[in-house]
Structure formats: structure tokens, C-alpha cells
Amino acid sequence: MTKKTPAPRKSGGLFKKIILILTLCIILLLVFIFGTRIGRETARPVITSELLGQQLRSIQELVSVEYFYTNMGKFENQVNFYGWKVPFTSKSFIVSYDGVIKAGIDFSKLQVSVNEPAHIVTIALPESEILSHEIKEDSITIFDESDNLFNHITIEDYVGFTQDQKEAMAREAIDNGLLTAAAGKARTTIESFLILLPGMEEYTLKIE
């Protein structure tokens, strides 16, 4: 009776396959990690003064501060003849109205510089200023109006008086700290916005 010889074990070939599979997995993992890193670096924008200026212009409205007020003023006028006020020629009216003053910085004057070797971004802010001042037309109320035959109230009286009142209210708003508040909000808002931009974590931000 012929005795069968046992087949040689294939453990060596199986071990080689396992090593090959593990090697391929490691290579694929390294390729994935490297590709992800390259993708992140490619997607990250290059920090330049032009990029930052463009981003900052998009938040200009968020930086402004609004000052709302209600005012009442009295207009009086009398015919003046060589320094002598002519009797019975006075005219007057009282007007009340609501207004809003917007203050902030002029972004066209904003200066942005990027020191790439030192990784420092410097933002030079201009002085805050009044950007707009409007009186709500539907809020204007005129009462206690008085004129006479020799000195009629004209539209120029209303326009001139309103302009004088606007200038007075602007000075009052500034005295109450409007421009100081606008400068503080501009600094805080710009700083909070820029530190969220991709790539800014590698830079030191200075706002002057």
C-alpha cells in the first residue's frame, strides 16, 4: 500500500499576502493624509493687503454707529433796517423732528499692510467721522407758526433753520461721545472679523 506524502504548508505565502495588504493599506493611508494636507494648503487663501482690504469693505455697514434723536427748535426773524428791527414784522415757527446720525470710519482711507516674513498684519484705522445725517421727513411737525404781511415765512426759512439745527445736533452727538463709540466699535468689529479668516491664525494682528 502506497503512503501519501502530505502537501506542503502554504503559511509562507499567506504571510506574504498579509504583509502586502498591510503595506498597501499604509501607502493608501499616507496618500490620503498627504492629499488632505495638500488640499488644505491649496484651499487656504494667501494673506495679502488686497485680500484683507476686500474682506473689510464687506463689513463696512457693520462698523458704523447710529445716533437717534428727537429735537424741537424755534425759528424767529424780524425785518432789520440798518440795524433797527422794524416793529410788527416778526415771524416765527416751532418745528419738531426725528433724526439719525451715522458715524464710523471711511474705509477708503483704511491702510492694510502685511509683513510676510514676520507674519504680522497691521491695520491703520482713520479717524472716525460722521458718515451721514438724515432727518425723517414724515416726522417733521410745524406748529405755532406766525408771520405777517411784511415778512412772510418762506421755504428758505424752513430749509435754513433745519440745516442749522442739524449742525447743532451733530455737535451735540459728538460731545456725547458718538465718534469715540464709533472708533471703539470699528476696532472691535474688525479684530473679531479678521481673526476668523482662514490663514490668519498664523499671523499677529495689530490695529492702530
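## The largest nonpolar core

In this predicted model, the largest nonpolar core holds 18 residues. Six of them touch the most other members: L52, L56, I123, I190, L194 and M200. Three elements each supply at least two residues of this core: α2 (49–57), β4 (120–124) and α5 (178–194). Helix α5 gives the most, with 3 residues.

In general, nonpolar side chains in soluble globular proteins tend to be buried together.

## Contacts of M200

Which residues does M200 touch, leaving out those up to four places away in sequence? The list is I47, L52, V121, L194, I195 and L205. Two of these, L52 and L194, are also among the core residues that touch the most other members.

## A second core

A separate core is also present, with 17 residues. Its members include V65, I101, I135 and M169.

## The largest pocket

The largest pocket encloses about 170 Å³ of space. Its lining consists of F93, V95, I135, E137, I140, I142, Y158, F161, T162, Q163 and K166. I135 thus appears twice: in the pocket lining and in the second core.

Which elements each supply at least two residues of this lining? They are β2 (84–104) and α4 (155–175). Helix α4 gives the most, with 5 residues.

By residue class, the lining divides into 7 nonpolar, 2 polar and 2 charged residues. E137 and K166 are the charged pair. T162 and Q163 are the polar pair.

Definitions and conventions:
Residues numbered from 1 in each chain as written. Predicted model: local features only at pLDDT ≥ 70, side-chain atom pairs only at ≥ 80, totals over all residues. Heavy atoms only, no water. Core = buried A, V, L, I, M, F, W, Y, C linked by side-chain atoms within 4.5 Å. Buried < 20%, exposed > 50% of the residue type's maximum accessible area, 1.4 Å probe, protein only. Helix = DSSP H or I, 4+ residues; strand = E, 2+ residues; numbered from the N terminus. Contact = heavy atoms within 4.5 Å. 1 Å grid on protein atoms, 1.4 Å probe; cavity = no way out; pocket = protein on both sides within 12 Å on 5 of 7 lines; lining within 4 Å. Points joined across faces, edges and corners; volume = space filled by probe spheres on them.
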